[in-house]
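User: I've got this one open in the viewer and I'd like a close look at a single part, the buried interior. Walk me through it in one go, please.

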Amino acid sequence: MVAMAKLLLVLAVAILTISMVESKIKETNNAEEQYQLERVNGQGGQKNGQGSLQSSQCPEQCSRRCSQTRYKKPCMFFCLKCCRACLCVPSGYYGNKGECPCYNNWKTKRGGPKCP
């Protein structure tokens, strides 16, 4: 009977420890994602990104931005991704990325521009 109680106690402690470790891992991952977004945005702590757009405005702005390219699907995919992260889409169909530093500074693994 005492051995069973000890076993249950050890099991409870193990489950609690695993739960705490998982929670800490999630916190760390969330903090890392936030840090990456702030780094891409070029901001230290502003919460809403740099742009004045709301994420619901991204499809309309990206349709405008990608309207004159031959590669509409990839342009829209990356533009929407960038817009939702930066809350900004540069004016015009090409260039003008200086208007949105986050949009301009986000790079691919190879170092090329991520945002169209």
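Analyst: Of the contacts in the protein chain between residues at least 6 apart in sequence, 54% join residues at least 24 apart. Keep in mind that this is a predicted model. The chain has 4 helices and 0 strands, so reading from the N terminus on, you get α-α-α-α. Of its 116 residues, 23% count as buried. The accessible surface comes to about 8700 Å², and carbon and sulfur atoms account for 59% of that.

Now for the interior itself. The largest nonpolar core has 18 residues. If you want to click on the ones with the most contacts inside this core, go for Cys 62, Cys 79, Cys 83, Cys 86, Val 89 and Tyr 103. Three elements, α2, α3 and α4, give two or more residues each to the core. Helix α3 supplies the largest share, with 7 residues.

Start with α2, which spans residues 58–66. Its buried residues are Cys 58, Cys 62, Arg 65 and Cys 66. Those four sit on the same side of α2, because they cover an arc of only 85° around the axis. As for what lies over them, the cover includes α3 (72–86) and α4 (101–105). Zoom in on Cys 62 and you can see some of this packing residue by residue: leaving out neighbours up to four places away in sequence, Cys 62 touches Met 76, Cys 79, Leu 80, Cys 83 and Val 89. Of these partners, Cys 79, Cys 83 and Val 89 are also on the list of residues with the most contacts inside the core.

Pro 74 is found in helix α3 too. This proline is partly exposed, with a relative accessible area of 42%. Pro 74 and Pro 116 are 42 residues apart in sequence, yet their C-alpha atoms are 9.0 Å apart in space.

Next, follow the chain into the loop between α3 and α4, which has a few things you'll probably want to check. Leu 87 lies in that loop and has a positive phi of about 55°, although it is not a glycine. Leu 87 is buried, at 15% relative accessible area. Asn 96 is in the loop between α3 and α4 as well, and its phi is near 60°, again a positive value in a residue other than glycine. Asn 96, though, is partly exposed, with a relative accessible area of 38%.

That brings us to Lys 97, which also has its place in the loop between α3 and α4. Lys 97 is buried yet has no salt bridge. The nearest side chain of opposite charge belongs to Glu 99, and that is 12 Å away. What does Lys 97 touch, then, not counting residues up to four places away in sequence? The list is Arg 65, Pro 90, Tyr 103, Asn 104, Pro 113, Cys 115 and Pro 116. Some of those names should ring a bell: Arg 65 is one of the buried residues of α2, and Tyr 103 is among the residues with the most contacts inside the largest nonpolar core. Pro 116, another partner of Lys 97, is the residue whose C-alpha is 9.0 Å from that of Pro 74.

Notes: Residues numbered from 1 in each chain as written. Predicted model: local features only at pLDDT ≥ 70, side-chain atom pairs only at ≥ 80, totals over all residues. Heavy atoms only, no water. Buried < 20%, exposed > 50% of the residue type's maximum accessible area, 1.4 Å probe, protein only. Arc of directions from axis to C-beta. Contact = heavy atoms within 4.5 Å. Core = buried A, V, L, I, M, F, W, Y, C linked by side-chain atoms within 4.5 Å. Lys, Arg positive; Asp, Glu negative; His and termini not counted. Salt bridge = Lys/Arg side-chain N within 4 Å of Asp/Glu carboxyl O. Areas by Shrake-Rupley, 256 points an atom, 1.4 Å probe, with all protein chains shown as cover.
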